[in-house]
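Trainee: Before I use these labels, I would like to hear the reasoning behind each of them. Can we go through them one by one?

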Amino acid sequence: MNTLDAQYWQNRYQHNDTPWDANSITTPIKHFIDTYVANHCDKQSPILLPGAGTAHEAEYLHRQGYENVWVMDIAPEPLEAFRQRVPDFPEEHLLQADFFEFEKSDFFALIIEQTFFCALQPELRRRYAQKMQTLLRKEGILAGLLFCFPLDKTGEPPFGGSIDEYQQTFEPHFHIQTLAPCYNSIKPRAEKELFAILRSRG
Ligand SMILES: C[S@@+](CC[C@H](N)C(=O)[O-])C[C@H]1O[C@@H](n2cnc3c(N)ncnc32)[C@H](O)[C@@H]1O
């Protein structure tokens, strides 16, 4: 299998081999922002989108007046595309970094997941859950989409999983508030996604 490092992802962006990019905000994340985020966060709440790619979700939050949105990706190409598309987004909140090396503890109120978890080698899942807990404030929320097709460890991403497996991965670090089939996925992902709302154990 390929090493899923910065070069791998940069190459995929450079070759326009980005089938995950929905080219606009996806319906489940938009609905979550319009309802849950609107009711639970204020416009200054620190919100992170890790492995954000071209970050249409961050653009939406920014346009809705959320002032403390952070976009992170290991590959420079999608961040540059975002910079061109959203020139008024604060440059200091655009981070080209490896999620696992990112040092910011107890900071974020909310982290939004979309096709980042599934892009990582499955053996990193425990570290992902641990790192998310470290980045979040006490009672902070990790929310978003997880694929629910079988995990094939030999192939290329996206890597799937099941509710049972995700419960085992996240329960040591999070109270599971929601982990259920997603009813409003974009068409190509219909019936392949779960929506998760996980509250950090602090
Ligand atoms: C499948 S893409 C998803 C992009 C975006 N979330 C979306 O929905 O369009 C996975 C993204 O994670 C980024 N990535 C992979 N490993 C990473 C890491 N260790 N730290 C930060 N970003 C990473 C890749 O560069 C890529 O942009």
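Mentor: Start with Phe116, in the loop between strand 4 (108-113) and helix 5 (125-135). Keep in mind that this is a predicted model.

Trainee: Why is Phe116 called buried?

Mentor: Buried means under 20% relative accessible area. Phe116 has 10% relative accessibility, so it counts as buried. As for its surroundings, the C-alpha atoms of Phe116 and Pro50 are separated by 7.1 Å, with these positions 66 residues apart along the chain.

Trainee: What makes Pro76 partly exposed?

Mentor: The label partly exposed covers values between the 20% and 50% cut-offs. Pro76 has a relative accessible area of 35%, so it is partly exposed. Pro76 belongs to helix 4 (residues 76-85). Its C-alpha atom and that of Gln10 are 6.8 Å apart, although the two residues are 66 apart along the chain.

Trainee: Why does Ala38 count as partly exposed?

Mentor: The relative accessibility of Ala38 is 43%, and therefore it counts as partly exposed. Exposed would need over 50%. Ala38 is in helix 2. From Ala38 to Lys187 there are 149 residues in sequence and 25 Å in space, C-alpha to C-alpha.

Trainee: What is notable about the phi of Asn23, and why is Asn23 called exposed?

Mentor: Phi of Asn23 is positive, about 65°, and Asn23 is not a glycine. Asn23 lies in the loop between helix 1 (6-14) and helix 2 (27-40). Its relative accessible area is 60%; exposed means over 50%, so the label applies to Asn23.

Trainee: Where is Glu191, and why is Glu191 called exposed?

Mentor: Glu191 is in the loop between strand 6 (174-181) and strand 7 (193-200). With a relative accessible area of 75%, Glu191 is over the 50% cut-off and is therefore exposed. Glu191 is another residue other than glycine with a positive phi, near 65°.

Trainee: Which residues does the cis peptide bond join, and what is omega there?

Mentor: The bond joins Pro157 and Pro158, and omega is about 10°. Pro158 is located in the loop between strand 5 (136-147) and helix 6 (163-170).

Trainee: Now the ligand. What makes the pair with Tyr13 a polar contact?

Mentor: A polar contact needs a pair of N or O atoms within 3.5 Å. An oxygen atom of the ligand is 2.5 Å from an N or O atom in the side chain of Tyr13, so the pair qualifies.

Trainee: How do you know that Gly51 and Phe99 make polar contacts too?

Mentor: The same 3.5 Å cut-off applies. For Gly51, a polar backbone atom is 2.8 Å from a nitrogen atom of the ligand. For Phe99, a backbone N or O atom is 2.9 Å from a nitrogen atom of the ligand. Both pairs therefore pass. Taken alone, the ligand exposes 600 Å², and the protein buries 95% of that.

Trainee: How many residues surround the ligand, and where does the ligand sit?

Mentor: The ligand is surrounded by 17 residues, and the closest are Tyr13, Gly51, Asp73, Gln114 and Thr115. The ligand sits in the largest pocket.

Trainee: How is the shell around the ligand made up by class?

Mentor: The shell has 11 nonpolar, four polar and two charged residues. Tyr13, one of the closest residues, is in the nonpolar class, because Tyr counts as nonpolar here.

Notes. Residues numbered from 1 in each chain as written. Predicted model: local features only at pLDDT ≥ 70, side-chain atom pairs only at ≥ 80, totals over all residues. Heavy atoms only, no water. Near = heavy atom within 4 Å. Polar contact = N/O pair within 3.5 Å; in protein donor to acceptor, adjacent residues only side chain to side chain. Areas by Shrake-Rupley, 256 points an atom, 1.4 Å probe, with all protein chains shown as cover. 1 Å grid on protein atoms, 1.4 Å probe; cavity = no way out; pocket = protein on both sides within 12 Å on 5 of 7 lines; lining within 4 Å. Sits in = over half its atoms within 2 Å of the grid points. Helix = DSSP H or I, 4+ residues; strand = E, 2+ residues; numbered from the N terminus. Buried < 20%, exposed > 50% of the residue type's maximum accessible area, 1.4 Å probe, protein only.
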